[in-house]
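Me: I would like to go through some terms used for this structure and see what each one rests on. Please tie every term to its cut-off.

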Amino acid sequence: MNFTTRHIPFFAPDKIALSGQVFRFRVIDDTHTEVVAFGRYLQIASLGDDRYAFSCQEDEFDRIWHGYFDLSRDYEAICDSIDPDDTYLRDACSFGYGIRILKQDVWETVISYIISQRRSIPSIMTSVDRISRMYGKKIKVPKLGDPFVKPLFDEYYSFPAVDEMSSATLADITSTGVGYRAEYIMCAIDDFRSGKITEDMLESLDNDRLYDVLLSMRGVGCKVANCIMLYGLARCGRFPIDVWMDRIIKAHYSGHFDYTKYPGTCGIMQQFMFYYERNR
DNA sequence: GGCCAGGCCTCGC
DNA sequence: GCGAGGCATGGC
C-alpha cells in the first residue's frame, strides 16, 4: 500500500471536518478522517506530534492535496496578528487551532452553497451526497492497511462535473431533497454549461468583479457569494455573515465587527469565530 | 409532530 | 434602498 506521511503544524483534520466549510469531509474516529474531493477518496490518519499519514502517493499529495489543505499559508502568523484586545477572537483562534481554509472545487462549492441556504449542515451533506450518487462517478477507494481504518461507507461517488449534470432535469434535482433550490441549481448548470460563466473566468477575476458575477447568479446572494469566494476560490479576505456570525457580532462586538482590520485574512478569522460559537 | 436550518427572491413602501 | 413575508425539505 502506498501512502504519504508529512509533518504539518497547525493542522486538525477533525476540526476541519466539523467546521462547516466542507460537506464531504467526515470524522471516522479519534485519529482518522476521510474526505471526497476532486474525484478522489482520501483518508487521513493522525500519528501524533503533528505527523499525518495520507492514503495517497507522494506526487498526488503534492499535486492535489497540498493546495487543497492550504499548506503553504502560515496560520500561526495569522493567529499572532489578532488584535490583543480582542479576547473573543483570540479565544476562538486557540479553540479552532488547526483549522485551515480548504481550497475546494469551484463548481462543487457553487452548488453546495446554493443548497446551503436556510438548511442545517447534516441536511446539506445529505443532498450533496445524493447529487454525487446520481450524477458522479464511482470512486475507487484505495486498499487501506495500517495506519488507516475501514472507510465509513461501502461506496463513494465523485461530485459531478458540469458536463455530468448537464442532462439533469428539474425533477431529478428536486428528488435529491433540495426543495425550491432545485431551480437555482438548474440555472447554475445553464450558466456554466453555456460558457456564460467558467471556472477559469472566476479564478481570473479580481474580488469585486468576481463578487458581481456570482451575485448575478440566481439563488446566490451576498452570503453564498462570499462563501464561494472564500472556500472555492481561496479569497481569504471575504467575510461571509450568516445567522451565526450575526449572533456573534451582536453578542460580542456590539453589532459591528471591523473585518477591514484583517485584509486578506478576515475569512479565516470568520471561520474560527463560526467554529467556536457552534462547537464550544 | 413541531420547529428550525451557514438566505434569497419578490413585493410594497 | 430597505424591511417583511414566503419558501420545500430534512434532521433533531
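Reply: What follows concerns a predicted model, taken up through its DNA contacts and then its cavity.

Me: What makes G20 count as a residue near DNA strand B?

Reply: A residue is near a strand if one of its heavy atoms lies within 4 Å of it. There are 30 residues around DNA strand B, and G20, R119, S120, I121 and Q270 come nearest. On the DNA side, sugar and phosphate account for 63% of the strand B atoms that come within 4 Å of the protein.

Me: Why is the pair between Y180 and a base nitrogen of DNA strand B called a polar contact?

Reply: The cut-off for a pair of N or O atoms is 3.5 Å. A polar side-chain atom of Y180 lies 2.8 Å from the base nitrogen, so the pair qualifies.

Me: How do you know that Q117 and R247 make polar contacts with DNA strand B too?

Reply: The side chain of Q117 has an N or O atom 3.1 Å from a sugar or linking oxygen of the strand. For R247, the distance from such a side-chain atom to a phosphate oxygen is 3.4 Å. Both values are within 3.5 Å, so both pairs count.

Me: Why is V22 called a lining residue of the largest cavity?

Reply: Lining residues have an atom within 4 Å of a cavity point, and V22 therefore belongs to the lining. Others listed there include R24, Y68 and E108. Strand β3 (residues 32-37) gives the most, with 3 residues. The space inside is about 40 Å³, and the structure holds 1 cavity of 30 Å³ or more.

Conventions:
Residues are numbered from 1 along each chain as its sequence is written. Chains are lettered from A and ligands numbered from 1 in the order in which they are written. This is a predicted model: local features need pLDDT of at least 70, side-chain atom pairs count only at pLDDT 80 or more; totals for chains, interfaces and linings use all residues. Side-chain values use heavy atoms; hydrogens and water are left out. A polar contact is a pair of N or O atoms within 3.5 Å; within protein, one must be able to donate a hydrogen and the other to accept it, and residues adjacent in sequence count only if both atoms are side-chain atoms. On a 1 Å grid over the protein atoms alone, a cavity is a set of points where a 1.4 Å probe fits but cannot get out, and a pocket is an open set with protein on both sides within 12 Å along at least five of seven lines; lining residues have an atom within 4 Å of a point. Grid points are joined across faces, edges and corners, and a volume is the space filled by probe spheres set on the points. Helices (H or I, at least four residues) and strands (E, at least two) are DSSP runs, numbered from the N terminus.
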